[in-house]
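Let's take a walk through this structure together, one feature at a time. Keep the view open beside you and turn it as you read.

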Amino acid sequence: MGEHHHHDHSHSVELTSINKAFIIGIVLNMAFVIIETVTGFWTHSLALLSDAGHNLSDVASLALSLLAFRLAKVKASAKYTYGFRKATVLTALLNAVILLIAIGSIGYEAIVRFSHPQPIEGRTVAIVSFIGIIINSITAYLFRQDKEKDLNVKSAYLHLAADALVSLGVVIGGVLILYTHWLWLDSVISLGIAFVILIGTLGVLKDSLRLSLDGVPENVDVEKIRTRILSLSQVSDFHHIHVWAMSTTKNALTAHLVIKETADFIEIEKIKSQVKHELEHLNVHHSTIEVDTEGGSHEALIC
């Protein structure tokens, strides 16, 4: 016997006001990039130019993430049966790569500047960076509510929050340069910026690589799934479990469910309903499960 059952996932992740958050973040950060770039060239501050370059990469990342979320809503087709949900995973990986390139360029320029320090207007640097604290704090707050629901949103939140801290560091550096005239501080601050960005980027790179390679998502525990399903009444075995990410918010699973032979049709339906319910609470949003009885009959269950 065969049956295909489609189930709307009532426990699926809902991202609230994400489009609005990304658009506001892009506009505010792009405006700040322009301010930092102009001021950085005017004051010869590598710290400001480095932060401007990083903020520009953030703007690109936010734009890519917004595009990915839009693509994820495109309906599935005969050629793309899952739609374009995977675009969110590829975007997270691309964002991490962009940040690594930014880190390399900042670090290289900072090292060069150690031997060739430039005169810097500390007061102006401090004022511009203080504006950065405000802008990055506001945009980070926009993503705070949904940061644990999606890798791209978490990436945006962490980077913007880190940017606020980096701007604080540049403010302190600007003030110190103003009163001490230690021009080498500009390079030290730039290296500090690169290090902060690197710490945040490595986690996103690791997660996005795992999802790109169809590894088990961070929020899914395969052994916990197996234990939970085996605890259900009349379930004899649950094996051949494969879990992967369809997107940064949706996970899929295939598995083989064996039901005790004593179960009748009504009881089998009840068990299938329980399985779907348990999987929903274990962060699995789409399942294809082969159902067997110990006697050998089977059916496919899609939820």
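**Charged pairs, a cavity and a sheet**

E269 has a relative accessibility of 25%, so E269 counts as partly exposed. Before going further, please keep in mind that this is a predicted model. The partner of E269 is K272: the two form a salt bridge in which the closest N and O atoms are 2.8 Å apart. Both residues belong to helix 8 and sit 3 residues apart, which is about one turn of the helix. Their surroundings are worth a look, because K272, at 3% relative accessibility, counts as buried, whereas E269 at 25% is partly exposed.

Why might such residues pair up? Side chains of opposite charge can pair when their charged atoms come close. The count of salt bridges in the model comes to 6. Another of them joins E278 and R228, again with the closest N and O atoms 2.8 Å apart. Here E278 lies in helix 8 (residues 265-281) and R228 in helix 7, so this pair ties together parts that are 50 residues apart in sequence. E278 has a relative accessible area of 17% and is therefore buried, since the cut-off for that class is under 20%. R228, with 29%, is partly exposed.

Helix 7 has a further charged contact to show you. R226 forms a salt bridge with D237, and the closest N and O atoms of this pair are 3.3 Å apart. The contact links distant parts of the chain, with R226 in helix 7 (residues 222-230), D237 in strand 1, and their positions 11 residues apart in sequence. Are these two buried or partly exposed? R226 has 29% relative accessibility and so counts as partly exposed; D237, with a relative accessible area of 24%, is partly exposed too. Elsewhere, D207, R210 and E218 are linked in a network of salt bridges.

D237 has brought us to the strands, so let's follow them. Strand 1 (residues 235-245) pairs with strand 2 in the antiparallel sense, over 8 bridges. The two strands form a hairpin, with 5 residues between them. If you would like a place to start tracing the pairing, find F238, whose bridge partner in strand 2 is L257. Strand 2 also pairs with strand 3 (residues 286-293): 8 bridges join them, and these two strands run parallel. Here you can look for A252, which has H286 as its bridge partner in strand 3. How much of strand 2 is covered? Strand 2 (residues 251-259) is mostly covered, with 8 of its 9 residues buried. As you look along the strands, remember that in a regular strand the side chains alternate between the two faces of the sheet.

Now turn to the aromatic rings. There are 3 aromatic pairs by count. One of them is formed by F22 and F143, in an edge-to-face arrangement with 4.9 Å from centre to centre and 65° between the planes. F22 lies in helix 1 (residues 18-43) and F143 in helix 4, so the pair ties together parts of the chain that are 121 residues apart in sequence. Both F22 and F143 are buried. Another pair, W182 and W184, is stacked, with 5.7 Å from centre to centre and 15° between the planes. W182 has a relative accessible area of 44% and is partly exposed, and W184, at 43%, also counts as partly exposed.

F22 leads us on to the empty space inside the model. Rolling a probe the size of a water molecule over the atoms shows where empty space is left. A search of the whole structure finds 3 cavities of 30 Å³ or more, and the largest holds about 60 Å³ of space. Which residues line the largest cavity? Among them are F22, D58, N95, N152 and H159. Helix 2 (46-72) and helix 5 (151-180) are the elements that give two or more residues to this lining, and helix 5 provides the largest share, 5 residues. By class, the lining has 4 nonpolar, 6 polar and 1 charged residues.

One last stop takes us back to helix 4 (residues 122-144), where R144 is found. R144 has a relative accessibility of 43% and so counts as partly exposed. From R144 to K154 is 10 residues in sequence, and 8.2 Å in space from C-alpha to C-alpha.

Notes: Residues numbered from 1 in each chain as written. Predicted model: local features only at pLDDT ≥ 70, side-chain atom pairs only at ≥ 80, totals over all residues. Heavy atoms only, no water. Helix = DSSP H or I, 4+ residues; strand = E, 2+ residues; numbered from the N terminus. Buried < 20%, exposed > 50% of the residue type's maximum accessible area, 1.4 Å probe, protein only. 1 Å grid on protein atoms, 1.4 Å probe; cavity = no way out; pocket = protein on both sides within 12 Å on 5 of 7 lines; lining within 4 Å. Points joined across faces, edges and corners; volume = space filled by probe spheres on them. Nonpolar A, V, L, I, M, F, W, Y, C, P; charged D, E, K, R; others polar. Phe/Tyr/Trp six-rings, centres within 6.5 Å; stacked < 30°, edge-to-face > 60°. Pairing = 2+ DSSP bridges. Salt bridge = Lys/Arg side-chain N within 4 Å of Asp/Glu carboxyl O.
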